[in-house]
Amino acid sequence: MISKYEVLQTNHMIEDDNLDVRTITLGINLLPCVVDDLDRLCVNVYRRITGLAGNLVKVGEEIEKKYRIPIVNKRISVTPIALVGASACHAPEDFVRLAETLDRAAAETGVNFIGGYSAIVSKDMTRADELLIRSIPQALARTERVCSSVNVGSTKTGLNMDAVRLMGEIIRETAIATADRDSLGCAKLVVFCNAPDDNPFMAGAFHGVTEGDAVINVGVSGPGVVKDALVKARGAGFEELCETIKKTAFQITRVGQLVAKEASARLGIPFGIIDLSLAPTPAVGDSVAEILEEIGLESVGAPGTTAALALLNDQVKKGGIMAGSSIGGLSGAFIPVSEDQGMIDAAERGALTIEKLEAMTCVCSVGLDMIAVPGTTSAATLAGILADEAAIGMINQKTTAVRLIPVIGKDVGDIAVFGGLLGRAPIMPVNTWSCEAFISRKGRIPAPVHSFKN
Amino acid sequence: MQKRVIITVVGKDTVGIIARICTYLSEHQINILDISQTIVQEFFDMIMIVDTARCDRAFSELADDLEKVGKEVGVDVRCQSEEIFDMMHRI
């Protein structure tokens with residue numbers, strides 16, 4: 001029988017350490033909606049999403065009540081819209097109408113974000129892919145809940161540098177289109193290399209074509225729980241440090257597994273994967289940076305940060321893998337700047353730079369995330385940063401992502417405020433030496449030699 | 001088969017907390033399997049493990065009812081399905 005100590009420990013994690021399930025994400029295949037008439041396509045898409053996701057929020061709330069565990073977000077991901085709209089959309093404006101349809105469907109079901117306004121262009125772009133990409137600034141300016149992502153490369157295909165260059169321009173245009181809201185649109189736009197098909201986390205979630213008709217994916221969280229456990233391991237050797245992280249990651253992931261199976265059973269939709277990530281929020285005590293500092297750094301960004309993060313990321317995976325029946329998505333530690341109070345503090349005190357963050361992304365789950373940069377940053381420089389990050393993903397056979405926000409009208413020393421889970425971000429300085437001539441080259445960077453495994 | 005629920009009660013000690021909660025449980029065919037209760041500096045702290053297999057109320061109604069009963073005697077009562085503790089603490 002469960003002991004009093006175990007009950008107290010679990011409830012302490014929930015109440016004091018912000019243990020929660022970060023997201024239940026319902027993936028929906030929209031390909032059955034496809035017709036070549038845009039009006040009918042919009043109707044089909046709206047009906048399919050509201051039909052399948054009508055109970056998502058209600059079921060999420062019932063599970064919260066049953067276990068008294070907060071489920072912070074209920075979300076939807078859909079088939080990349082560049083595929084869904086390929087035959088009905090003949091101009092960027094047509095795709096924007098689809099985005100508005102997604103937004104209405106998300107509002108109707110009560111989810112806070114819907115992901116999948118996406119194009120997968122790792123090798124080359126179709127006409128529809130390009131139209132969708134060019135529609136992103138208006139789509140994100142005119143909708144509230146739609147999230148967009150573009151996959152510009154992979155280890156198998158190399159980097160599509162035409163798409164990288166275009167995305168540099170699109171990020172700038174999105175920033176300008178949402179300049180009145182501190183360029184908020186860019187916080188909902190992710191540029192990937194090696195994007196997974198089953199990621200439940202926004203803004204990069206989409207329902208890949210390798211998936212079934214509908215799937216439940218769950219993202220767990222819990223940096224506060226890991227931090228609290230590590231306080232008790234102060235001064236201990238690496239063995240004990242690793243054991244503590246693994247045990248905690250195991251417990252966090254088990255909660256995710258429980259919620260995922262219950263949501264799947266109640267909705268009658270198959271369970272896909274658990275994404276065992278440490279996802280911070282701006283709340284005090286819910287920070288990945290604080291874990292790194294607890295491991296022994298005066299401030300995140302100090303020498304040793306990359307090694308500490310590598311250790312953390314690996315132990316989270318080792319602990320979590322045994323706890324879940326199927327692990328996928330991004331899985332690891334997230335290091336978004338604006339969504340993590342410890343990262344914000346480190347950036348403000350000058351301890352953390354974009355270059356150090358880039359090094360950190362070599363060993364953690366995602367990439368340069370929620371970083372605000374000066375509004376004057378050129379499209380070419382943005383594309384250069386995208387290319388660097390994508391190259392890390394391509395060479396290391398891992399997912400990397402970039403969510404940069406060039407905040408129009410703001411410069412180093414200013415703060416951009418996005419609100420809610422998206423947080424606030426100090427504008428970080430960007431290396432201003434030009435990469436224009438490199439970025440303006442046409443074509444792609446070929447796949448690396450170690451991709452030839454057949 | 002048992003359907004175990006963990007009831008946690010925390011608040012300022014007063015006369016009749018256990019009585020009120022147990023009365024409700026017996027009225028709704030809920031069997032108590034284990035009780036652990038302490039008082040630290042006038043604070044009442046109790047964890048009960050109960051079996052709701054024969055309970056005539058749905059889980060969410062039970063949770064709401066017990067919260068209300070708790071409020072009447074000035075304590076915080078919460079119900080959780082045992083599975084969350086099993087998942088976290090048992091392999």
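Two strands count as paired when DSSP finds at least two bridges between them. Keep that in mind for the first stop, and remember throughout that this is a predicted model.

**Stop 1: the three-stranded sheet**

Select β5, β6 and β14 of chain A, which form an open sheet in that order, with antiparallel pairing. The edges belong to β5 (153-154) and β14 (444-445) of chain A; each has a single partner strand, so one side of each has no neighbour in the sheet. Now show β6 (residues 158-160) of chain A together with β14(A): 2 bridges join this antiparallel pair. Which residue of β14(A) stands opposite A:L159? Pick A:I445 and you have found the partner.

Next, add the helices that pack on this sheet. Helix α7 (residues 161-177) of chain A touches β6 and β14 of chain A, and its direction makes about 45° with that of β6(A). α14(A) packs on the sheet too, touching β5 and β6 of chain A, with its direction at about 155° to that of β6(A).

**Stop 2: the nine-stranded sheet**

Keep α14(A) on screen and bring in the open sheet of 9 strands in chain A, whose order is β9-β8-β1-β2-β3-β4-β7-β11-β10, with mixed pairing. At its edges you will find β9 (271-276) and β10 (368-374) of chain A; because each has a single partner strand, one side of each is left without a neighbour in the sheet. Look along the strands here: neighbouring ones are turned by 25° against each other on average, direction ignored.

For a parallel pair, select strand β3 (residues 114-120) and strand β4 (residues 146-151) of chain A, which are joined by 6 bridges. Click on A:I114, and its bridge partner in β4(A) is A:V146. Helix α14 (residues 379-396) of chain A packs on this sheet as well, touching β7 (189-193), β10 and β11 (400-407) of chain A, and its direction makes about 165° with that of β11(A).

**Stop 3: the nonpolar core**

Stay on α14(A) and pick A:L386. Setting aside neighbours within four places in sequence, A:L386 is in contact with A:V152, A:V164, A:M167, A:G168, A:V191 and A:V402. Which residues have the most contacts inside the largest nonpolar core? They are A:V152, A:M167, A:V259 and A:L386, in a core of 180 residues. The largest share of this core, 11 residues, comes from α9(A).

**Stop 4: helix α5**

Select residues 92-109 of chain A. At 1.5 Å a residue, the 18 residues of helix α5 should span 26 Å, and the end C-alpha atoms are 26 Å apart, which agrees. Colour the buried residues of α5(A), among them A:F95, A:R97, A:L98, A:L102 and A:T109. Step past the end of the helix to A:G110, which follows α5(A) and has a positive phi, near 85°.

**Stop 5: where chain A meets chain B**

Turn on both chains: 18 residues of chain A are in contact with 20 residues of chain B. On the chain A side, α1 (4-16), α3 (56-67) and α9 (238-267) each supply at least two residues. The residues on that side divide into 7 nonpolar, 4 polar and 7 charged.

**Last stop: A:H12**

Finish in helix α1 of chain A, where A:H12 lies. Is A:H12 buried or partly exposed? With 13 C-beta neighbours inside 10 Å, A:H12 counts as partly exposed. For a closing distance, draw a line to A:V337, 325 residues apart from A:H12 along the chain; the two C-alpha atoms are separated by 27 Å.

Technical notes. Residues are numbered from 1 along each chain as its sequence is written. Chains are lettered from A and ligands numbered from 1 in the order in which they are written. This is a predicted model: local features need pLDDT of at least 70, side-chain atom pairs count only at pLDDT 80 or more; totals for chains, interfaces and linings use all residues. Helices (H or I, at least four residues) and strands (E, at least two) are DSSP runs, numbered from the N terminus. Axes are lines fitted to C-alpha atoms, for helices over the stretch in contact, and angles run from 0 to 180 degrees between N-to-C directions. Two residues are in contact if their C-beta atoms, placed from the backbone, lie within 7 Å. Ala, Val, Leu, Ile, Met, Phe, Trp, Tyr, Cys and Pro count as nonpolar, Asp, Glu, Lys and Arg as charged, and the others, Gly among them, as polar. A nonpolar core is a set of buried Ala, Val, Leu, Ile, Met, Phe, Trp, Tyr and Cys residues joined through C-beta atoms within 7 Å. A residue is buried if 20 or more other C-beta atoms lie within 10 Å of its own, exposed if 12 or fewer, and partly exposed in between; C-beta atoms are placed from the backbone. The expected span of a helix is 1.5 Å times one less than its number of residues.
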